[in-house]
Amino acid sequence: LLMQGPTMKLSHLVLALLLLLPLPASAAVKVVATLPSLAAIAREVGGADATVESMLPPNIDPHFADAKPSLVVTLSRADLLVENGLELEIGWLPALVLQSRNAKLAQGANGRFDASTVVRRLEVPRGAVDRAQGDVHPGGNPHFLYDPRAAAAVARALATRLALFLWNSEPDAALRARADKGELTQPGVLKTEAARLLADPK
């Protein structure tokens, strides 16, 4: 996935700050993504300061994946779970998360990122939906990552979530303003922002 333009500026800033701040080697965020495409986005955003693992290989259809016991161990060690959402993983992910007993990955926790919540939903069925109708997703088409604009939106939101692990807070107004102005590639700006974050009582 190649994502460029304004939507990636915040992602680049988070990565740059991770490189500038004096974090110990053990501080790398352990990210587990349900799909290879989501893992690719996480690697692009997190860079060397995030270890990323995909739960499924590229040749497995997520509709029919198996809840392998080995994935329970993977989830138990994760800091952040990145899922597609819209019930794409409903047949196997909930049971694995439950068995992992990892409170970080609970619904609503900072360690649980649902990509479908940051994109515009398409092909949402009208009226009653029944599984007898076949592969019908009540919340809309879960295959939104085929659209580069949706992938870019996911990358930006994921960068914001990773900032929680970096600074215990989402990027503030000053940080976002510099991102919107395209100032993130300037070394002087990055050093200034890093110093400001380090001085913050958070």
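**View 1. The lining of the second largest pocket mixes residue classes.** By class, this lining in the predicted model has four nonpolar, two polar and four charged residues. The pocket holds about 190 Å³ of space. Val119, Arg120, Arg121 and Leu122 are among its lining residues. So are Asn141, His143 and Phe144. Asp147, Arg149 and Ala150 also line this pocket.

**View 2. The largest pocket has no charged residues in its lining.** About 290 Å³ of space lies here. Of the 14 lining residues, the closest to the pocket centre are Leu35, Ser37, His143, Leu145 and Tyr146. Eleven residues of the lining are nonpolar and three are polar. His143 lines this pocket, and His143 also lines the second largest one.

**View 3. Four strands form an open sheet.** Follow the strand order: E2-E1-E3-E4. The pairing is parallel. Which strands lie at the edges? They are E2, residues 50-54, and E4, residues 112-114. Each of these pairs on one side only. Neighbouring strands of the sheet are turned against each other by 20° on average, direction ignored.

**View 4. Strand E1 pairs with strand E2.** E1 covers residues 29-33. The two strands run in the parallel sense and share five bridges. One bridge joins Ala33 to Ser54 of E2.

**View 5. Helix H2 packs on the sheet.** H2 spans residues 36-46. Which strands does H2 touch? The helix touches E1, E2 and E3, the last being residues 80-83. The direction of H2 makes about 170° with that of E2.

**View 6. Ala106 sits in a loop.** The loop lies between helix H4, residues 93-100, and strand E4. Is Ala106 buried, exposed or partly exposed? Its relative accessibility is 36%, so Ala106 counts as partly exposed. Buried would need a value under 20%, and exposed a value over 50%. Leu81 is 25 residues away along the chain. Even so, the C-alpha atoms of Ala106 and Leu81 are separated by 9.4 Å.

**View 7. The whole chain puts the close-ups in context.** The chain has seven helices and four strands. From the N terminus on, the elements run α-β-α-β-α-β-α-β-α-α-α. Of its 202 residues, 44% count as buried. Take the contacts in the chain with a separation of 6 or more: residues 24 or more positions apart account for 70% of them.

Key: Residues numbered from 1 in each chain as written. Predicted model: local features only at pLDDT ≥ 70, side-chain atom pairs only at ≥ 80, totals over all residues. Heavy atoms only, no water. Pairing = 2+ DSSP bridges. Axes fitted to C-alpha atoms, helices over the stretch in contact; angles between N-to-C directions. Contact = heavy atoms within 4.5 Å. 1 Å grid on protein atoms, 1.4 Å probe; cavity = no way out; pocket = protein on both sides within 12 Å on 5 of 7 lines; lining within 4 Å. Points joined across faces, edges and corners; volume = space filled by probe spheres on them. Nonpolar A, V, L, I, M, F, W, Y, C, P; charged D, E, K, R; others polar. Buried < 20%, exposed > 50% of the residue type's maximum accessible area, 1.4 Å probe, protein only.
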